[in-house]
Amino acid sequence: MVSENPTLNRLVASMGLSPTMAGAAAIACHPDPVDLSIGEPEGPPPLCVREAAAAAALEGRTRYGPVAGLPELRDQVAQDLSHRDGVAYTQENVIITSGGKAAILDALRCVLNPGDEVLIFAPYWPSFRDQVVLAGGVPVIVPFGEDYLPTLANLEGSFGALTKAVILNQPSNPTGCVWDATRIQVLAQLVQRYCAWIIVDQVYGTLTLERPETPFLRQVPELQDRCIVVESFSKRFAMTGYRLGAAAGPLPLIGAMVSLASNSVTHPSMVSQHAGIAALGMDGKWEQAMVTSLRKRRDRMMGELDGLSGLRLHPPKGALYLFPNITDWLVDHGVANDIEFVRRLREESGVKVLPGSVFGAKGHFRISYAGPETEVWEGLRRLRVFLKSRSVCAMAKIGIER
Ligand SMILES: Cc1ncc(COP(=O)(O)O)c(C=O)c1O
């Protein structure tokens with residue numbers, strides 16, 4: 001007789017739901033919740049994208065296709081990246097993936113052997129850490145300095161004999177930071193010295209709000225042969241649910257990723273790939289309008305939060321988020337930590353944001369300015385009230401008149 005239940009894979013079982021997904025799924029005990037936890041642009045994708053998806057579905061262009069993706073789409077991605085990153089890519093350097101997330105995981109699975117170390121810079125997107133573990137590697141978290149980037153000493157000290165890869169994400173989720181030229185040069189030298197791969201996640205690259213965009217390879221083109229550039233249609237074209245992304249890199253690596261995909265997802269949905277062709281075929285005006293709108297939102301949110309007692313702000317250069325430091329506010333108000341802050345904000349004001357701890361930065365929270373505008377401003381209004389009224393409560397508690 002069998003007495004025990006079958007067990008799960010250890011790595012997956014230790015992991016749980018991605019913190020960003022779990023945060024969005026958390027139920028607010030509030031009659032009118034407002035979700036500012038998700039990094040998802042407002043509204044549907046451009047009309048031509050939706051029309052292309054509908055046409056592909058209606059016309060039955062939905063049979064199995066090439067594992068690496070439709071040649072036309074690969075070619076468009078290669079041209080787009082060659083133009084933006086200033087290096088030469090052809091379609092052979094590109095694989096189309098089911099979102100940027102899958103591109104990063106597959107790249108890690110193709111380069112890591114068990115026990116290999118991968119450097120991740122805090123504050124980081126939490127899936128980086130979990131994906132490294134899933135791929136059999138060991139995440140090494142590099143701490144951040146005052147400007148939310150690693151100090152040169154920390155950068156240098158993190159590399160070692162086991163370093164196999166580095167993940168660089170800029171503009172960063174959650175801080176919106178972009179690395180300066182000095183740090184990029186030092187990083188590039190270290191990556192070469194330690195013979196490591198570098199995965200450059202530029203899913204927010206076109207959402208750089210302080211133009212121009214300065215992609216990694218444009219600054220250090222000599223690293224092209226050890227660099228895997230990850231792209232996504234999710235944020236750039238508001239195509240989150242289409243699950244479409246891409247990776248570009250040297251031929252042996254892309255070949256390995258194609259073999260892997262041929263034994264797993266095969267390729268992303270054909271409907272999405274046809275939609276992707278329409279997206280990259282646009283003239284850029286739709287994207288410009290999105291960047292203009294995001295810049296206005298960032299500036300307004302910064303303006304309305306600036307000067308609030310206990311909050312420290314670092315202006316993001318891109319992406320969709322603010323990442324305020326609330327360490328002083330927590331102390332002033334006797335709130336234990338950022339997780340407790342997020343819970344109370346959700347339950348008392350119905351506003352969902354994410355705690356900094358899940359990004360490797362305690363005492364912070366991430367708030368998105370990308371969602372439906374009415375919700376963003378309503379959420380911001382409630383957040384301000386929460387921050388201020390709790391100040392009044394705290395003062396009242398210790399008997400101080402304001
Ligand atoms: C830094 C970063 N990389 C990659 C992704 C993956 O995006 P997708 O899989 O939707 O392309 C996200 C999504 O939030 C992200 O924030």
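Helices here are DSSP runs of H or I with at least four residues, strands are DSSP runs of E with at least two, and both are numbered from the N terminus. This is a predicted model, in which local features need pLDDT of at least 70 and side-chain atom pairs count only at pLDDT 80 or more, while totals for chains, interfaces and linings use all residues. Residues are numbered from 1 along each chain as its sequence is written.

Let's start with the whole protein chain, which has 15 helices and 12 strands. Its C-alpha trace spans about 70 × 65 × 50 Å along the principal axes. Of its 402 residues, 45% are buried (20 or more other C-beta atoms, placed from the backbone, within 10 Å of the residue's own).

Now follow helix H5 (residues 99-111) to helix H10 (residues 251-262): their axes, lines fitted to C-alpha atoms over the stretch in contact, come within 9 Å and cross at roughly 110°, on a scale from 0 to 180 degrees between N-to-C directions. That makes H5 roughly perpendicular to H10 (65 to 115 degrees). In this contact (C-beta atoms, placed from the backbone, within 7 Å), H5 uses Asp 106, Ala 107, Arg 109 and Cys 110, and H10 uses Leu 253, Ala 256, Met 257, Leu 260 and Ala 261.

H5 also leads us to the ligand, since H5 gives the most to the shell around it, with three residues. In total, 13 residues surround the ligand (C-beta atom, placed from the backbone, within 6 Å of it). The closest are Gly 99, Gly 100, Lys 101, Ser 232 and Ser 234.

Terms used. A residue is buried if 20 or more other C-beta atoms lie within 10 Å of its own, exposed if 12 or fewer, and partly exposed in between; C-beta atoms are placed from the backbone. Angles under 35 degrees count as roughly parallel, over 145 as roughly antiparallel, 65 to 115 as roughly perpendicular and the rest as oblique. Two residues are in contact if their C-beta atoms, placed from the backbone, lie within 7 Å.
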